[in-house]
Every structure is written in C-alpha cells, then in structure tokens.
Amino acid sequence: MSTSPMQVSEARRFQQLRGHLSYLKLNDAAEALNRVLDQARTERMSLTAALERLLEIEVEATEARKLAARERFACLPEPWTLADFDFAAQPGVDEKLIRDLATLRFLDDASNVLFVGPPGVGKTMLSVALGQAAVDAGHRVYFTTAAELAAKCHKAALEGRWKTCMRFFAGPKLLIIDELGYLPLPEDGASALFQVINQRYLKSSTILTTNVGIADWAGAFGDATVAAAMLDRLLHRAAVAGIDGPSYRLRGHQNQADAMRKGVNARVS
C-alpha cells in the first residue's frame, strides 16, 4: 500500500510541529498535540480554537508547576485555608477583620498582621490560612517559627553568611513568624529578629503570632530598646488581632473525641 505525497507531508508537518514545541520547551503542549488534533477533527474546531486549547494546556501546566514550587518554598505546616476555620467555635476572633485580611490588600500596602493571644486559640491556623491564600494568589510566602529564625540567623553569622541570610528573609512578599515568646530566644535572637523586621520595613508584609501582650514585649525579650524598635516598625502599618477566646485546639480535640465516642456507642448498640 503506497503513501501519498500529501500524507507524507502531513506526517512530516506533525513531527516538525512536535519538534518545535519540544524545542521551545512547551512539553505539555507537545504531549497533548495528538489529543487536541483529534478533538479538533471530531468537533470541527477552527484553527484558532485548536491553537488556543493547545496553549491553554501548556499555561495550565505551567501555573500548576509554579504553584507547587511556591508551596514547597512556603513551608506551611498544614494545608489550612480560611474555610477550615470555625469562627463560631472561636468567638474571640474578629471575623470581619480576618475576612478583610483574606482579601490580601494588606500585602499591597506592605502592612503587617499581629495575632496576639494564649496558646491554642487559632493564631497559627489563621496565619497559615492567610499564607495559603497569598500562595494561591501568586505571592512568595515563607513560614518559620521565631526560634527557627533566630537559629538560622545565628548559624549564618557564625558561617559568615549574615548578608545572604538577611536577603533570604527580606525576599518573600509575606513572611510568617510563628510562636514568638513561646521559647526563650538566644542572646542574639531578639537582635536578629529586629534585623529581619527592619529589612522588611515598608517593603513587604510580616505576620507574627505571639502569646506575649504588646505591653510586655520589653520584659519578655530582655532588651527594652530592641523590643521598642521592633514594635515601632511592626505597628507602623499593622492590623492587631487579639484573640482571648477559649482554646480552639482543645475544642477540636474534644469534638474528635465526641465523634469517636458516638461511633463506638453506635457500633455497640
């Protein structure tokens, strides 16, 4: 059975088109090419519609890879979103304020957010939910605890990488510093934290969670001058969310225990 010159030409064009897509590193489009051409023939799509669908596949794959890279960089401890937070279970949270923060307008102003309250009231969950929203919106986010940040800065200073370390913490559009005040900072920890806050001042946003009331920072961090300077920069443009409600975490554990107990009782009966 002979092959017509036209068939040979079409086969060559197909291979060349795949080669062009691969050369331009449009690998997902190259992989989908055969499927899109079949779809175009079956559905009688126009050339423009077929080309748009092919490029749409590449764009979607590129966006998915970028999102995955941002999520890896962010180091968020849990995949929490604002939809996971039960505002009814935590009356100490100003829901209107949190909903406004979830618009991410505070990132445009390089404003900061401080969550202040005792352990277990939902500070970390809310900060992570805002961080996830920022990641989904295309922003670079990085999550760390205050103790981890201080340790990284201390190690960088010993290894002569202080400037590199400061550039790293200055880079993200949103930096989340969790658990300030939960563990005592090393001698140079408060100073390192101030340097990070100072690098980001009026340039990018920081979310900070702490169990230490603002009035007690001077005593908690050992250096009244550094504490005052840090607060000055943090509060210049900031939303402060004080949470004084019941333990959100303990309530969650109690709900799980109740559900398990009901399940056991149902099986027994």
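The crossing of helices H8 and H9 is right-handed. This holds for a predicted model, as do the values that follow. The axes of H8 and helix H9 (residues 189-200) come within 9 Å. They cross at roughly 55°. Angles of 65 to 115 degrees would count as roughly perpendicular, and those under 35 degrees as roughly parallel. H8 and H9 are therefore oblique to each other.

Helix H8 (residues 162-170) also carries Phe169. This residue is buried, with a relative accessible area of 1%. Phe169 belongs to an aromatic cluster that also holds Phe73, Tyr142 and Phe168. The model contains 6 aromatic pairs by the rule applied here. One of them is formed by Phe73 and Tyr142. Their ring centres lie 5.6 Å apart, with 50° between the planes. The geometry of this pair is tilted. Phe73 lies in helix H3 (residues 47-74) and Tyr142 in strand E2, so the contact ties together parts that are 69 residues apart in sequence.

The two partners differ in exposure class. Phe73 is partly exposed, at 22% relative accessible area. Tyr142 counts as buried, at 6% relative accessibility. The cut-off explains the two labels: buried means under 20%, so Phe73 at 22% falls into the partly exposed class. Tyr142 also pairs with Phe169. Here the ring centres are 6.2 Å apart and the planes stand at 65°. An angle over 60 degrees counts as edge-to-face, so the Tyr142 and Phe169 pair takes that label. This pair links distant parts of the chain, with strand E2 on one side and helix H8 on the other. Tyr142 and Phe169 are 27 residues apart.

Charged groups lie over aromatic rings at two sites described here. Arg140 lies over the face of Phe73, at 4.2 Å from the ring centre. The ring of Phe73 thus has a charged neighbour as well as its aromatic partner Tyr142. At the other site, the charged end of Arg233 sits over the ring of Tyr201. The distance to the centre of the Tyr201 ring is 5.9 Å.

Strand E2, which holds Tyr142, is part of an open sheet of 5 strands. The strand order is E2-E3-E4-E1-E5, and the pairing is parallel. Strand E2 (141-145) and strand E5 (238-242) form the edges. Each of these edge strands pairs on one side only. Neighbouring strands are turned by 10° against each other on average, direction ignored.

Strand E4 sits between E3 and E1 in this order. Strand E1 (residues 112-116) and strand E4 (residues 205-210) run parallel and are joined by 4 bridges. Val113 of this pairing has Ile207 as its bridge partner in E4. Val116 has Thr210 as its partner in E4. On the other side, strand E3 (residues 174-180) pairs with E4 in the parallel sense over 5 bridges. The partner of Leu175 in E4 is Thr206.

The side chains of E4 were then examined. In a regular strand, side chains alternate between the two faces of the sheet. In E4, Ser205, Ile207 and Thr209 point one way. Thr206, Leu208 and Thr210 point the other way. All of these residues are buried. E4 is mostly covered, with 6 of its 6 residues buried.

Two residues other than glycine show positive phi values. Cys75 has phi near 60°. It lies in the loop between H3 and helix H4 (95-101). Cys75 is partly exposed, with a relative accessible area of 40%. Leu104 has phi near 70°. This residue is found in the loop between H4 and helix H5 (105-108). Leu104 counts as buried, at 10% relative accessibility.

A further leucine lies towards the start of the chain. Leu17 is found in helix H1 (residues 5-23). Its relative accessible area is 36%, and Leu17 is partly exposed. Leu17 and Leu33 are 16 residues apart in sequence. Their C-alpha atoms are 8.8 Å apart in space.

How values were computed:
Residues are numbered from 1 along each chain as its sequence is written. This is a predicted model: local features need pLDDT of at least 70, side-chain atom pairs count only at pLDDT 80 or more; totals for chains, interfaces and linings use all residues. Side-chain values use heavy atoms; hydrogens and water are left out. Two strands pair if DSSP finds at least two bridges between them. Helices (H or I, at least four residues) and strands (E, at least two) are DSSP runs, numbered from the N terminus. Axes are lines fitted to C-alpha atoms, for helices over the stretch in contact, and angles run from 0 to 180 degrees between N-to-C directions. Rings of Phe, Tyr and Trp (its six-membered ring) pair if their centres lie within 6.5 Å; planes under 30 degrees apart count as stacked, over 60 as edge-to-face and the rest as tilted. Buried means under 20% relative accessible area, exposed over 50%, partly exposed in between (1.4 Å probe, protein chains only). A charge sits over a ring if NZ of Lys or CZ of Arg is within 6 Å of the ring centre and within 35 degrees of the ring normal. Angles under 35 degrees count as roughly parallel, over 145 as roughly antiparallel, 65 to 115 as roughly perpendicular and the rest as oblique. A crossing is left-handed if the near helix is turned anticlockwise from the far one by less than a right angle, and right-handed if clockwise.
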